[in-house]
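Got the model open in your viewer? Let's take a short walk through its charged side chains, one selection at a time.

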Amino acid sequence: MYNTMTVLLASHNQLDSINGIPDLQKIKKLDLSHNQISDVTALILLSELNELDLSNNALTSIQGFEMLMPLQRLKLAHNEITELPPFQATCQLVTIDISYNQITDLPVFQKTCELVHINMAHNLLLNVDML
């Protein structure tokens, strides 16, 4: 029904499930911030996604996100994430916000990543050796 949609803004709701989102194969920008989402594994099927905001949810893990190759902007602030997966060598990630989580170690950001901005404030980091 909405298979041509490229932008979906669904922030500040009461969402706790994203079951229908993977059907939106053309989505490029997705804002699900300020909800109650705890499981986002279905999002790894969105092959054209380049901007994702999941800040202020109930996330503890984002395993699988390292496979979202076109992803350029990722916002994960204000969750309960304890660790991040290593991002692939060909990632296109430019901006990542992982502030206000429970992260103790940074993932390995490959040298080929396009990262120019990392917000890692207010975590439990012990070192930044992986930068």
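Which residue forms a salt bridge with Glu-51? Select Lys-29 along with Glu-51: the closest N and O atoms of this pair are 4.0 Å apart. Keep in mind that you're looking at a predicted model. Zoom out a little and you'll see that the pair links distant parts of the chain, with Glu-51 in strand β3 and Lys-29 in strand β2, 22 residues apart. Color by accessibility if you like: Glu-51 is partly exposed at 24% relative accessible area, and Lys-29 is partly exposed too, at 33%.

Next, click on Glu-48. Its side chain makes a salt bridge with Lys-28, where the closest N and O atoms sit 3.1 Å apart. Here again distant parts of the chain are linked: Glu-48 is in the loop between β2 and β3, Lys-28 in the loop between β1 and β2, and 20 residues separate them.

Stay on Glu-48 and add Lys-26 to the selection. These two side chains also meet in a salt bridge, 3.9 Å from N to O. Lys-26 lies in the loop between β1 (7-9) and β2 (29-31), 22 residues from Glu-48.

Now show Lys-26, Lys-28 and Glu-48 together: they are linked in a network of salt bridges. For the surface view, Glu-48 counts as partly exposed at 28% relative accessibility. Lys-26 is partly exposed at 39%, and so is Lys-28 at 35%.

How many salt bridges does a search of the whole structure find? Three, and you've now visited Glu-51 with Lys-29, Glu-48 with Lys-28, and Lys-26 with Glu-48.

Notes:
Residues are numbered from 1 along each chain as its sequence is written. This is a predicted model: local features need pLDDT of at least 70, side-chain atom pairs count only at pLDDT 80 or more; totals for chains, interfaces and linings use all residues. Side-chain values use heavy atoms; hydrogens and water are left out. Helices (H or I, at least four residues) and strands (E, at least two) are DSSP runs, numbered from the N terminus. Buried means under 20% relative accessible area, exposed over 50%, partly exposed in between (1.4 Å probe, protein chains only).
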